[in-house]
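Please look over the sequence and the 3D structure shown below before reading on. The paragraphs that follow go through the structure step by step, and each term is explained where it is needed.

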Amino acid sequence: MSWDITDIDKYYRTPEGVLVADILVSELNHQYKSGRIRAPADAEDQLAVGYPFSLYPSDQPLPPVFMLAETGVIVWTKDEDVITACIDSDSFPCGTDVFEQVFVSHALEFVADKAGFLSEIWRCLKGEGELVVVVPHRRSLWARADKTPFGQGTPFSRRQLKLILEQAGFDQIQIKHSLYMPPFGRRLPVVMRRRLHVIGRIGWAMFGGVLIAVAKKRLFLPHQQPSHALRQKVRQFIVKQPAGAVTPLRRDNSG
């Protein structure tokens, strides 16, 4: 059975969850500083979907947080203002072309209709808007660690994640691994686990526990070549009775 949002929240309050959140936040902040991820100027131009762990510092304005009906919702507050909403994964309670960036974590892997979910994100993003998504990596040990939120839902390979984003109307897709330390060894000191993460970045980078994807909203996709059906001349014909069709009984009007 998949975890709900309270299970995920409890995990990130454990020592391991704090360490994992710190690693992921450091990775994302590095990408912000390097320019790989565009930082919106205003919190109102951002949207978080799922569980954004501790990505947003408490001393900065927080963006709205949409949590899925599939996992439930908890109150994500600041200054006693509730900024969370429980939503249907294929119907967001917001307008079109609203946000410059949507950050998704612990959401895509729990959604059954992934195409509909990503289609709603595409709708909510402004032109050239940016999607940042964190998902479990299928080839990692974390995807098999059912005592963590990364062992729940549907994990992705790089190819699967890129394909589903392309099909949803995103391009300029960059995918990076992260969380290189193994999911076991929880009794090891935090310093040693961090060292394993640093060593894993070099030694087994392709088996990182999560995939972080950054993609841009594609406004249109011109057809470079006509489809095969359009290139071929098709002879039209009519079938009086298609195979498998049922012939109705004739009515006897004589009586």
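With which residue does Asp9 form a salt bridge? The partner is Arg13, and the closest N and O atoms of the two are 2.9 Å apart; a salt bridge here is a side-chain nitrogen of Lys or Arg within 4 Å of a carboxyl oxygen of Asp or Glu. Asp9 is buried, with a relative accessible area of 13%, whereas Arg13 counts as exposed at 65%, where buried means under 20% relative accessible area, exposed means over 50%, and partly exposed lies in between, as found with a 1.4 Å probe and protein chains only.

Before going further, it helps to know how the values were obtained. This is a predicted model, in which local features need pLDDT of at least 70 and side-chain atom pairs count only at pLDDT 80 or more, while totals for chains, interfaces and linings use all residues. Residues are numbered from 1 along each chain as its sequence is written, and side-chain values use heavy atoms, with hydrogens and water left out. The pLDDT is the predictor's confidence in each residue, on a scale from 0 to 100; its mean for the protein is 83, and 82% of the residues reach 70 or more.

The protein has 6 helices and 9 strands, which are DSSP runs numbered from the N terminus, the helices being H or I runs of at least four residues and the strands E runs of at least two. Of its 255 residues, 45% count as buried. Contacts, meaning heavy atoms within 4.5 Å, often join parts that lie far along the chain from one another: among contacts with a separation of 6 or more, 70% are between residues 24 or more positions apart. The accessible surface comes to about 15100 Å², and 54% of it belongs to carbon and sulfur atoms; such areas come from the Shrake-Rupley method with a 1.4 Å probe, and for residues only the protein chains shown count as cover.

The pair described at the start is one of 8 salt bridges found in a search of the whole structure. Another is formed by Asp45 and Lys126, with the closest N and O atoms 3.7 Å apart. Asp45 lies in the loop between helix H2 (15–34) and strand S1 (46–50), and Lys126 lies in strand S7 (residues 125–136), so the pair ties together parts that are 81 residues apart in sequence. Asp45 counts as buried at 17% relative accessibility, while Lys126, at 27%, counts as partly exposed. A further salt bridge joins Lys217 and Asp97, whose closest N and O atoms are 3.0 Å apart. This pair also links distant parts of the chain, with Lys217 in strand S9 (residues 210–217) and Asp97 in the loop between strand S5 (84–87) and strand S6 (99–105), 120 residues apart. Lys217 is buried at 3% relative accessibility, and Asp97 is partly exposed at 42%.

Next, consider Ser140, which is found in the loop between S7 and helix H4 (158–167) and which counts as buried at 1% relative accessibility. A polar atom of the Ser140 side chain lies 2.8 Å from the backbone oxygen of His137, and the Ser140 side chain also reaches the backbone nitrogen of Ala143 at 3.4 Å. Leaving aside residues up to four places away in sequence, Ser140 touches Phe207, Gly208 and Gly209.

Phe207 itself is found in the loop between helix H5 (190–203) and S9, and it is partly exposed, with a relative accessible area of 43%. Together with Ile199, Trp204 and Met206, Phe207 forms a nonpolar patch on the surface, with about 390 Å² of accessible area in total. Patches are made of residues with over 30% relative accessible area and no salt bridge, where like charges are joined within 9 Å and nonpolar side chains (Val, Leu, Ile, Met, Phe, Trp, Tyr) within 5 Å.

Two loop residues deserve a look at their backbone. His106, in the loop between S6 and helix H3 (114–124), has a phi near 55 degrees, a positive value in a residue other than glycine, and it is buried at 4% relative accessibility. Leu179, in the loop between strand S8 (170–178) and H5, has a positive phi of about 60 degrees although it is not a glycine, and at 0% relative accessibility it counts as buried.

Finally, some care is needed with residues 222–231, over which pLDDT stays under 50 and for which the model has 2 contacts beyond four places in sequence. Where pLDDT is low, the predicted coordinates should not be read in detail.

Conventions: A polar contact is a pair of N or O atoms within 3.5 Å; within protein, one must be able to donate a hydrogen and the other to accept it, and residues adjacent in sequence count only if both atoms are side-chain atoms.
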